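Welcome! Here are some short exercises to work through with the structure on your screen. Try each task before you read its solution.

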Amino acid sequence: MAGENHSTATEFILEGLTNRPELRFPLFLLFLGILVTIIGNLGMITLICLNAQLHTPMYYFLSNLSLVDLCYSSVITPKMLVNFVTEENIISYAGCMFHLYFFIVFVVAECYVLTVMAYDCYVTICSPLLYNIIMSHFCSLLVVGVYAMELIGSTIETGLMLKLPYCELLISHYFCDIIALKKLSCSSTYHIEMTVFVLAGFNIVVTSVTVLISYAFILSRILCISTTGGRSKAVSTCSSHLAAVGMFYGTTAFMYLKPSTASSPAREKVASVFYTTVIPMLNPLIYSLRNKEVKAAMKKTLRGKLF
């Protein structure tokens, strides 16, 4: 019987970002331009690998963030572009679950990498003399923890979705998101909604509380700095990270920490575009172009290539 339920849907149809034909080509061009996300994040990883002065824990975490953003946009953006140029965008059942699994993997990874980077900021400002000792012991361990959390969460949520029978085929989204998928089920999705709420709540609350505590200590440390120059340097160290954290946590909390009755497909699509496409594009700019060390490494690399 379970096999029959699963066989009711062998493929799905993605509704896409918009149903208005006149907007499809302009949006296609717009998001094609956003593929610079891939170039920006790949460039950041390459730059960090090629420059020995960037082989520090902070840039190790930044390279992992760039890797997550690179994979993130590679999973979501190409399928969205296909939506703009095809009348009926079909995705197989297996392809949809594959899409869902890796989407959850990378969104959870982003959450925890940002948290690890907040801890890195805390150690940098509050314990600068012990920074190398602390981070040399915990750097790799923290990254392993990040990837362990993403795989656990994604496996649980995708496993639950695989057990559902699906009676409808049209996904009201431009990718296989768990919220849009569960609406197609023939059976009750209450237990899945609760599981998603608990897991998303755990990930967002634990990581955001860790970030807040880190920044509470950072703020208290900054207030103790007597010189204006010292304060501004400390603030500039954290400002980029705070901007990225605010954008990412705001949109993910909006998407996953609300009851299904309060959902609006149009708002969900806008929020999803923001954290699946716009934020991965902005992260290299936020973290890199405002960083003097990265600028210096970029100039050195380009000078070496040209001469």
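How many salt bridges does a search of the whole structure find?

**Before you start.** This is a predicted model, where local features need pLDDT of at least 70 and side-chain atom pairs count only at pLDDT 80 or more, while totals for chains, interfaces and linings use all residues. Residues are numbered from 1 along each chain as its sequence is written, and side-chain values use heavy atoms, with hydrogens and water left out.

**Exercise 1. Find the salt bridges and describe their residues.**

Step 1. A salt bridge is a side-chain nitrogen of Lys or Arg within 4 Å of a carboxyl oxygen of Asp or Glu. The search of the whole structure finds 2.

Step 2. Start with Glu22, which pairs with Arg20; their closest N and O atoms are 2.9 Å apart. To describe exposure, call a residue buried under 20% relative accessible area, exposed over 50%, and partly exposed in between (1.4 Å probe, protein chains only). Glu22 has a relative accessible area of 48%, so Glu22 is partly exposed. Arg20 is partly exposed too, with a value of 48%.

Step 3. Now go to Glu193 and Lys182, whose side chains meet at 3.5 Å, N to O. This pair links distant parts of the chain: Glu193 sits in helix 8 (residues 190-224) and Lys182 in helix 7 (residues 178-182), 11 residues apart. Helices (H or I, at least four residues) and strands (E, at least two) are DSSP runs, numbered from the N terminus. Glu193 is partly exposed at 22%, whereas Lys182 is buried at 10%.

**Exercise 2. Work out how the sheet is put together.**

Step 1. Two strands pair if DSSP finds at least two bridges between them. Strand 1 (residues 11-14) and strand 2 run antiparallel and are joined by 4 bridges. Look for Leu14 with its partner Asn89, and for Glu11 with its partner Ser92.

Step 2. Put the strands in order: the sheet is open, has 3 strands in the order 2-1-3, and its pairing is mixed. Strand 2 and strand 3 (170-171) each have a single partner strand, so one side of each lacks a neighbour in the sheet.

Step 3. Add the helices, taking contact as heavy atoms within 4.5 Å. Angles run from 0 to 180 degrees between N-to-C directions, with axes being lines fitted to C-alpha atoms, for helices over the stretch in contact. Helix 4 packs on the sheet, touching strand 1 and strand 2, and its direction makes about 140 degrees with that of strand 2. Helix 5 (residues 93-126) also packs there, touching strand 1, strand 2 and strand 3, at about 85 degrees to strand 2.

Step 4. Compare the faces of strand 2 (residues 89-92): Asn89 and Ile91 are on the covered face, Ile90 and Ser92 on the uncovered one. In a regular strand, side chains alternate between the two faces of the sheet.

**Exercise 3. Check the length of helix 4 and look for a bend.**

Step 1. The expected span of a helix is 1.5 Å times one less than its number of residues. For the 29 residues of helix 4 (residues 57-85) this gives 42 Å, and the end C-alpha atoms are 43 Å apart, which agrees.

Step 2. The bend at a residue is the angle between axes fitted to the seven residues ending there and the seven starting there. Helix 4 has a kink of about 30 degrees at Ser74, shortly before the proline Pro78.
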